[in-house]
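Student: Could we go through this model together, one question at a time? I would like to see how each answer is reached.

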Amino acid sequence: MPALAATAAALCLTLAPAARAAPLQRTDGAPATAEEVRTAPDGPSGPYAFAEDAVTAKGATGTTDSVLLRPGRTYKSSVGVAGRDGRLYYRLELDAVSDTYVSATAVPRSGATVSYADGLKVSLQDANGRNCSFTGTVHFGATQSPHPITASAARETSGEQYACKPAGTYYVVVERTGAAGTARGSSGTEPSASLPWDLELGYVSEPALKKASGPTSAPEVWNSASPEALLGEARRRDGGAGFSRAVQLRQGVWKDGISPGQTRFYKVPVDWGQQVYATADLGSASRGEGSVGTALVMSLYNPVRGFVDGVGAGYDGRQRSAALDPLPPVAYENRYALNDQVSGMRFAGSYYLVVHLAAQVADRFGEGPFGLTLRVRVTGAAGTGPAYAGRPTPRDLFAVPVGGSDDAAGGKETDRTAGTGNGVGDTGRGGVMKVVAAGGIGAGTLLTLTLGTWTVIARRRAARTLGPAPEDADTASASLPMAAPAPAPWEHGATRGR
């Protein structure tokens, strides 16, 4: 038995490097193609947790050499300085019926500074250079604090007012905006325009409906009154450092700590027919004086990382509170609205609360961390979703997690996704091993099963590497038809237009 244990330990050590290579695999577990593994420029990332299964893809400076992206996968890239080198192209192959959503999260690297006007623009264009349903632009705004910012764009096939409906080749265009070289740090740091930003790219496909019938306009009447504030003892929940690490919050009062320059990610399950409300309270400081005009920013993003709403608050050392405006219940027909707050509430699934505390807070009130309290309310009975003709990609994107616990022990999730039966924390090889161990199987049998399982995995991966890349059934996703609202005065500054 000791010999078997030693053999198993040695085997685990031998296979450890393969586990570290996971980021070079695609989301579906298959190896990345040679085209997908074209690396982005080297350089340290900021305090953002990129998706562990993200494939590195280098953006092209023109459409001809652009890398093909596939739906349901997450990619890591980088974008250079504003101007010609700050515009990148990626290629999509879309069908004629699916809606397409693409998002880009920009992460300034360590040492970067940003100005009010610095930002990111994402658009989706056809082969003739026409923008599809909308383009999205985001700025750092009044915080002038480097942190992850997210912009999105879309192609929508329903409705005569939208272009880009035929099947074919389309292009995602990601570009930096702002005045090059105008922002410099007080301690001699380099101007923001001279440093690349890392990117996390998301690409989602939404299937068409089985029957193109039903309302073609957004609801005009819904409960827009603010509910009573949630009371009670706050439970601890530490936010994540990225969309893929967002920590789940259900209805309740939650507390966390946030330091100047830090961004915290949370996700809230919201089903069809339900409304979500959120308030962020920043605790008082124990020392310091003066004020920061826009210190706390809270943004809400939908399941495809499309911007829905946001709010900001100043800080003078006394406690401050910022609440999102009341939002409509989740409904498919919300997509026909002309503003983010309604149009963004078009899917069931996990909505992301992203909270940032400006780095300038440290100059007046210390490094923190400062107390952060989140009050989250979800109202309304869960309804039935639309009758899709297929499944979205990723498969469970619009599903709401069920069961599990909201206890704050380490912020770990044990929920299962509706309709899948897969536990969040027990999938993959690690989950298989836990089940085997729980069964009380002997060490020899365990080693045999482990060797057999890993051998099969290795052979399948080898076959995928040598063979052609698999064809995806769904190659498109959707868009948000929205007008261009006035830029928010605090942080996001999103604009939408043709």
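Student: Which residue of strand 3 does Val55 stand opposite?

Tutor: This is a predicted model, in which local features need pLDDT of at least 70, side-chain atom pairs count only at pLDDT 80 or more, and totals for chains, interfaces and linings use all residues. Residues are numbered from 1 along each chain as its sequence is written, and side-chain values use heavy atoms, with hydrogens and water left out. Strands here are DSSP runs of E with at least two residues, numbered from the N terminus, and two of them pair if DSSP finds at least two bridges between them. Strand 1 is joined by 2 bridges to strand 3 (residues 74–79), running parallel to it, and the residue opposite Val55 is Tyr75.

Student: In what order do the 5 strands of the open sheet lie?

Tutor: Strands of a sheet pair through backbone hydrogen bonds, either parallel or antiparallel. In this open sheet the pairing is mixed. Strand 1 (55–56) and strand 8 (149–155) are the edge strands, each pairing on one side only, and the order is 1-3-10-5-8.

Student: Is Asp99 buried or exposed, and which side chain does the side chain of Asp99 contact?

Tutor: Asp99 lies in strand 5, which covers residues 99–108. Because its relative accessibility is 4%, Asp99 counts as buried, a word that means under 20% relative accessible area, with exposed over 50% and partly exposed in between (1.4 Å probe, protein chains only). At 3.4 Å, the side chain of Asp99 makes a polar contact (a pair of N or O atoms within 3.5 Å, one able to donate a hydrogen and the other to accept it) with the side chain of Arg335.

Notes
Helices (H or I, at least four residues) and strands (E, at least two) are DSSP runs, numbered from the N terminus.
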